Amino acid sequence: MKEYNWEERNIIRMPGEIALHTEDLHVYYGSNEAIKGVDLEFEKNKITALIGPSGCGKSTYLRSLNRMNDGIASASVTGKIVYKDVDVNASNIDVYEMRKRIGMVFQRPNPFSKSIRENITFALKQHGLKDKKQLDEIVETSLKQAALWDQVKDNLDKSALALSGGQQQRLCIARAVAMKPDILLLDEPASALDPISTGTVEETLIKLKEDYTIIIVTHNMQQAARISDYTAFFYLGNVIEYDATPKIFTRPKIQATEDYVSGHFG
Ligand SMILES: Nc1ncnc2c1ncn2[C@@H]1O[C@H](COP(=O)(O)OP(=O)(O)OP(=O)(O)O)[C@@H](O)[C@H]1O
Ligand SMILES: [Mg+2]
């Protein structure tokens with residue numbers, strides 16, 4: 001391993017409206033401190049990519065943003081996650097309601113073993129929406145937003161499990177979008193997909209940022225460069241550099257970032 005000065009940081013503040021930010025966020029799994037005090041701002045209607053080597057805490061950080069770490073017994077999260085002046089990390093938060101505003105799409109497509117339509121309407125019905133016309137409208141809009149409508153519109157009552165991996169992932173995006181969240185968190189949403197499906201998911205995300213703020217973990221440097229507006233480089237639980245994506249990929253301020261994005265790290 002090359003000698004780096006790990007005290008060096010370049011973390012910019014966002015120029016525009018901020019949709020979400022964290023203050024001194026720490027995540028522990030038992031005594032292992034996986035996130036070591038991260039302060040980041042996420043700009044509204046932008047795509048922010050989280051990059052960094054395996055095990056550096058990207059998923060842990062992302063999951064903490066809508067309290068998915070609550071389900072992990074050994075995990076504890078300290079610090080603030082601020083969304084619309086509310087601390088999402090506070091104990092009195094209605095996590096169920098909050099997740100309608102801050103939705104998540106996972107690495108492996110995980111549709112329910114139900115029809116395509118029901119995958120989208122299930123949570124809406126749980127929230128009390130019964131009107132068939134309204135439900136149909138949401139099914140159509142969210143499938144269109146996820147660039148899946150044309151392929152499935154005649155088969156809405158077929159099993160979601162019969163879709164290809166790429167289609168399943170877009171269905172999961174449609175399912176998340178159907179809840180009309182403000183913020184969409186995605187953990188390597190294209191890592192299990194072929195290049196063509198990956199391209200479609202990327203185009204979908206670029207379109208979605210008109211309506212949503214998107215935070216995406218990716219191992220794919222080209223993908224981060226193609227679709228994101230801002231990029232954060234994580235290393236061992238810290239954010240080392242956070243800047244506009246073109247800067248991160250062409251002239252980062254920190255040597256470790258430069259080596260990582262050019263494949264010469266370590
Ligand atoms: N459920 C868990 N229980 C205990 N430790 C965990 C858990 N999930 C992650 N960790 C630990 O937290 C640290 C960060 O892991 P995390 O999964 O956030 O990294 P990552 O950057 O997403 O890696 P990858 O790129 O491989 O997905 C690692 O040391 C990992 O072992
Ligand atoms: Mg991960």
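**Exercise 1. How far apart do the end C-alpha atoms of residues 20-261 lie, and what percentages of the span are helix and strand?**

Solution. The model is predicted.
Step 1. Take the span from the record: an unreviewed UniProt entry lists residues 20-261 as "domain: ABC transporter".
Step 2. Read the ends: their C-alpha atoms are 26 Å apart.
Step 3. Assign the secondary structure: helix accounts for 38% of the span and strand for 27%.

**Exercise 2. Identify the polar contacts that Ser54, Gly55 and Cys56 make with ligand 1.**

Solution.
Step 1. Set the cut-off: a polar contact is a pair of N or O atoms within 3.5 Å.
Step 2. Start with Ser54. A polar atom of its side chain is 2.5 Å from an oxygen atom of ligand 1.
Step 3. Turn to the backbone. For Gly55, an N or O atom there sits 2.8 Å from a ligand 1 oxygen. For Cys56, a polar backbone atom lies 3.2 Å from an oxygen atom of ligand 1.
Step 4. Add the burial. On its own, ligand 1 has 620 Å² of accessible area, and the protein covers 64% of that.

**Exercise 3. Describe the shell around ligand 1 by element and by class.**

Solution.
Step 1. Find the nearest residues. The shell holds 15 residues, and Ser54, Lys58, Ser59, Thr60 and His219 come nearest.
Step 2. Map the elements. Strand S3 (32-43) and helix H1 (58-65) each give two or more residues.
Step 3. Rank them. H1 supplies the largest share, 4 residues.
Step 4. Sort by class. The shell has 7 polar, 5 nonpolar and 3 charged residues.

How values were computed
Residues are numbered from 1 along each chain as its sequence is written. Chains are lettered from A and ligands numbered from 1 in the order in which they are written. This is a predicted model: local features need pLDDT of at least 70, side-chain atom pairs count only at pLDDT 80 or more; totals for chains, interfaces and linings use all residues. Side-chain values use heavy atoms; hydrogens and water are left out. A residue is near a molecule or strand if one of its heavy atoms lies within 4 Å of it. A polar contact is a pair of N or O atoms within 3.5 Å; within protein, one must be able to donate a hydrogen and the other to accept it, and residues adjacent in sequence count only if both atoms are side-chain atoms. Accessible areas come from the Shrake-Rupley method with a 1.4 Å probe; for residues, only the protein chains shown count as cover. Ala, Val, Leu, Ile, Met, Phe, Trp, Tyr, Cys and Pro count as nonpolar, Asp, Glu, Lys and Arg as charged, and the others, Gly among them, as polar. UniProt positions are given in the numbering used here, feature names are shortened, and annotations may be inferred rather than shown by experiment.
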